[in-house]
Structures are given as C-alpha cells and as structure tokens.
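Visitor: I'd like to go through the charged pairs and the cysteines here. Can you walk me through them?

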Amino acid sequence: MEQPGRLRRSAPVLVGLSAALAATALWGFTFLGPAAVAPVNIYYLVLGRYAVFGLMSVAVLASRTDRLRALGTRNVLKALHLGVVGYIGFYLLLSMSASAGGGVLASTMTGLIPVMVALASNVIEKVLRWRSSLLPIAVISVGLFLVNGGVAAFTSDGGGGDRLAGALLGFAASLVWSYFVIANRIVMKRAGSVVDNTTWTACIGFGAFCGSLVLLPAAASAGGTSPFADAGTLWPFLAWCVALAVLGSWCATWFWNIASKRLPSTVMGPIIGMEAVFGALFYLLWEGRMPLPQEFWGGLLVIGGVFLCVVVFDRARPAPAK
C-alpha cells in the first residue's frame, strides 16, 4: 500500500523536474541566435527578441486584467524588476565579460550559477544536508568546466588584466542570474495562489522588454550588419527574433515558473547546468559535428550530477503522513 502514496508524493517533483528540463532546453536553444543571424549586430537581436516578448506579454496582460489586479501592485513590480535584472542585467554583464576576457571564459564563468543557486538557496530553505549536496554539485561543476572548454577558457585571448576583468564580470553575471532564480522562487512561494503562471510570465516579459530599451544606443553604435540592410537579411532575422521570443523567452520562463512552484531552488540550481549541455548539443547539430571527448564526458557528468541531485532530494523528503 506504500507505492501509491509514494507515487502521489513524487508527482509534483516529476512535473517540476520535467518543466525545469524543458526550460533549460529552450534556454539552450537561444545559444544559436547570434550564430544564426551573423553578421547582424547582436544588440539588434536582443532588442528584437524582447520586443516580441514584450508585445506577447502586453497582449496577455490586456486579456487578463482581473488576474493582474489580483496579483497586486507590489507583486507586479517584483515581477517587472525580475525581468529587468534577470534577463537584461544578466545579458549585459555576460556580454561585457565576453568582450573583456573572451567568449569561452564568459561561458565558463556561468558554470558557477548552479553552485551559487544550490548553496545560497540551501541556506535559505535548508532542503538538503550539506554533506549530501556536495557530491552532485562537484560532479556538475567538473562537467560544466569540461563542456565550456576546460583549462583553455582561462588561457584564451586577452591579457591577464583582461581575463581578470572578464572573470569578475562573469562572476557578477552569475550572481545576477542566481538572484533571479532564488528571488523568483521566493516571491512565487510567498504570493501563493494569487500568482497565475501566465500572468506572472507576462509581467516578467514586459519588464525584460522595458529593460532592453537601454540597449538602443549600443545597437546604433556597435559594429556589425544592420538587420534592415536588405530583405535577405531582414526576414531570417525577424524569424529568429520570433523563435527566440516564443521559445527561449515566453515558453522557457513559463516552464521555469512551473518548476519554481514545485521544486526548491536547491534542486533547481543544479538543473540549470543542463542549459549548457543543451546549448552545446544544439551547437553541435548546427555545426554538423561530433562532440570533442571533453564535451562528451563533461555533458555526461552534468547529466549524472543532476540525476544524483534529484535522487538525494527524493530521499531527503519526509514520508507522507498516514
């Protein structure tokens, strides 16, 4: 008679885990955006993506005014600020990190995010014993290090000062995204039933759009090709803006919010590591090549570490009351 109770107890976790994996897969898909529209200025791509995300969000909010009122002004402002900080703040810091220390270094520094989220959120929610959480975090960290280039990330282009600046900016970007994950979980948990996932996603999307407007001067002054150069450039660019907005912004945020209601951030943190694995997989498909040995083994380590984290969490949960 114990099995049905265990299945009922595991159902929210399985739903949350599936939603979190779907979100990381969609975020991984966005890694293709810059390569797909090159040599178009990447700032135009960000503006186009969040313009579509913002328009979708406004349309949703206009049709759900009752849900928006139920959410309350304070919660709406919190969602807007999460959209600005989590999407635009993270992107700007990561872009500056890549500019200073190289793209490989910047992407490697984001490997700190699962560790930061897991450690900080476990202090807040106290879900796992520290000794139990160390192994999954260590395995995921090593895997991400390999997937993102290993030692080569810290010996790439740029001088020592540039690499230090890039590392510091990458660390700041990781802090910002970790804040988004943990704060989003806390706000949704405290708000409880008044948080409607679709409305919450739309508020975050509108915040991200408003924040993206600061990139207008950068788009106008940076190098690269304008998306309005000719029709052959414009239409693929618009198609990618829509794809990134619908899949990588709206759907990914919507799935992540589902996971945030069902899983503690201590568990969701390690799952974020799957974003790099999915991103690498999409890049391999885009480039039509097989993974390098370190990419292959790094990906397996990340997947194994996420699996270990879920197992540890499942064992740590209290049994259902009889």
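Guide: Sure, starting with R64: this residue counts as partly exposed at 22% relative accessibility, where buried means under 20% relative accessible area, exposed over 50%, and partly exposed in between (1.4 Å probe, protein chains only). Bear in mind that this is a predicted model, where local features need pLDDT of at least 70, side-chain atom pairs count only at pLDDT 80 or more, and totals for chains, interfaces and linings use all residues. Residues are numbered from 1 along each chain as its sequence is written, and side-chain values use heavy atoms, with hydrogens and water left out.

Visitor: How many salt bridges does the count come to?

Guide: The rule asks for a side-chain nitrogen of Lys or Arg within 4 Å of a carboxyl oxygen of Asp or Glu. One of the pairs is D196 with R64, at 2.7 Å from N to O. By this rule the count is four.

Visitor: Which parts does the D196 and R64 pair tie together, and how many residues apart are they in sequence?

Guide: Helices here are DSSP runs (H or I, at least four residues), numbered from the N terminus. D196 sits in the loop between α9 (160–191) and α10 (197–212), while R64 sits in the loop between α3 (42–63) and α4 (65–71). So the pair ties together parts whose separation in sequence is 132 residues.

Visitor: Is D196 buried or exposed?

Guide: Its partner R64 is partly exposed at 22%. D196 has a relative accessible area of 15%, so D196 is buried.

Visitor: Which residues are linked with D196 in a network of salt bridges?

Guide: D196 also forms a salt bridge with R67, with the closest N and O atoms 2.9 Å apart. That pair links distant parts of the chain, since R67 is in helix α4 and D196 in the loop between α9 and α10, 129 residues apart. R67 is partly exposed at 38% relative accessibility. The residues linked with D196 in the network are R64 and R67.

Visitor: What about R289: which residue does it form a salt bridge with?

Guide: R289 is partly exposed at 34% relative accessibility. The closest N and O atoms of the pair are 2.8 Å apart, and the partner is E287.

Visitor: And how many disulfides does a search of the whole structure find?

Guide: A disulfide is taken as a pair of cysteine sulfur atoms within 2.5 Å. Among the cysteines, C241 is buried at 2% relative accessibility, and C251 is partly exposed at 22%. The number of disulfides found in the whole structure is zero.

Key
Helix = DSSP H or I, 4+ residues; strand = E, 2+ residues; numbered from the N terminus.
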